[in-house]
Amino acid sequence: CQVTVSDSGVQDDGNTPGGETSETKRTIHLKEAGTLDEFISSSDKYKITELVLSGPINGTDLRLLRDMAGCDHERKKTNGRLKVLDLRDALIVAGGQWYVKYGSTFRTENTDFDFPERAFDSCDKLESVYLPYYVRALGENCFSLCTNLTHIYIPVGLNHILSGALYACENLRCLTLPSTFSSISNGFFYLDALVEVYSYASVPPTLSGTLGDSMENGVVHVPDGCLGEYSSSFGWNLVGEINDDIERCYALRIETSVGGSVQYGNDVVIKDFPNIDYDGRRNFDVSEGKDMELTITPDAGYALDKVLLNGADVTSEVSGNTLVINSVDGVKNVEVSFRLSTGIDGIPTVNCGDNIKVFGAQGCIVVTGVSAGEHIDVYSIGGMKVATACADGGDIHISLCDSGIYVVKVGANSFKVKL
């Protein structure tokens, strides 16, 4: 049930809007929600077949994505060709235009991290979708009538599939549900091709209906030792065959604050969007009995504050920058917080390599020695982004209303400044 996304195509870091390309794949990072149309021109939007999109996105961006995937905001067919959509590093936020009209109009809202209702309803060009890492539920009818959808990546941490979310996805053959999964609402209808489900949940997810007529001859794979529970659970007991032939897993939940990163395997967890209210969490499935090694790395100007494991303080168990959790036997919640390094408290001027100088003067933060085009972000002591600027080759003056201590990020460098 895996789809490999090609790495060919144009890489776009979100800093060069309006670029023209004949390639069919684009990789775009948005710094601000509602700006996707600055990076995909009207002449390109029907050429793109694969899109990797990261950063904050809102209803305006969803409206364009729908258009590219074959069905616009009025639910009219378009010439869009978008087949593969990777949103794993995206965060859907409130705001922007309404993205689809179905009786009433739908907008992105703060809904406890549900994937938006009817987000891609009737977008029949989509074949493969990778959901955002943070998503905890598939909203109602979010992929209904995506008749060519053959693959959907469901992240660890997702708990629910709401009514009609996959309605009439008639070419979806296989579905993988993570260990965190707990329920499917009514609406698994017209999944005519679904013949195989991998469920990593040790407790059978609650079904309000069946898994569809095709699964009467299908196969469900469940964790070792869970055959009896699934065989006697409503809905699951109606499938053709159940095999307990996959390893038992537990969820590893990593939550981090602004000021550093936590690495597990090849994955790095950071709080990508410090000015947006979300918990910076990533979830992973870890095999029972496995040892886990986490690498904790503070950013420049920060230090490790605290590490909690299932609520208990284990900061003292961090050796160097490594925390080892031995022999996993249940769900693990790891919370990592970072603090500003106290070694420079009260120092208004900080120097770092490359002749960069940052200091406070008369209600302004002044940044010198920065190359043109470099982005500068200013954060409050609590991690909220309060200002941003782009260097033009000269000195940068950023006016702030309130005195206090701020963190200034210039490229990969962080500075602590007192006004």
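**Close-up 1. Pairing of strands β12 and β14 in the predicted model.** In this predicted model, strand β12, which covers residues 160–161, runs parallel to strand β14, residues 183–184, and the two are joined over 2 bridges. One residue pair can be named here: His160 has Ser183 of β14 as its bridge partner.

**Close-up 2. The open sheet that contains β12 and β14.** Five strands make up an open sheet with parallel pairing, and their order across the sheet is β8-β10-β12-β14-β16. The edges are formed by β8 (114–115) and β16 (206–207), each of which pairs on one side only.

**Close-up 3. The nonpolar surface patch that includes Leu145.** Leu145, Tyr167, Phe189 and Tyr190 together form a nonpolar patch on the surface, for which the combined accessible area is about 380 Å². Within this group, Leu145 is located in the loop that connects β10 (137–138) with β11 (151–153). Leu145 has a relative accessible area of 34% and is therefore partly exposed, since this class lies between the limits of 20% for buried and 50% for exposed residues.

**Close-up 4. The surroundings of Lys306 in strand β24.** Lys306 is part of strand β24, which spans residues 302–309, and its relative accessibility of 36% is why Lys306 counts as partly exposed. When neighbours within four places in sequence are left aside, the residues in contact with Lys306 are Asp313, Thr315, Glu335, Val336 and Ser337. Val318 lies 12 residues from Lys306 along the chain, and the C-alpha atoms of these two residues are separated by 9.8 Å.

Key: Residues numbered from 1 in each chain as written. Predicted model: local features only at pLDDT ≥ 70, side-chain atom pairs only at ≥ 80, totals over all residues. Heavy atoms only, no water. Pairing = 2+ DSSP bridges. Helix = DSSP H or I, 4+ residues; strand = E, 2+ residues; numbered from the N terminus. Buried < 20%, exposed > 50% of the residue type's maximum accessible area, 1.4 Å probe, protein only. Contact = heavy atoms within 4.5 Å. Patch = residues over 30% accessible without salt bridge, like charges linked within 9 Å, V, L, I, M, F, W, Y side chains within 5 Å. Areas by Shrake-Rupley, 256 points an atom, 1.4 Å probe, with all protein chains shown as cover. Salt bridge = Lys/Arg side-chain N within 4 Å of Asp/Glu carboxyl O.
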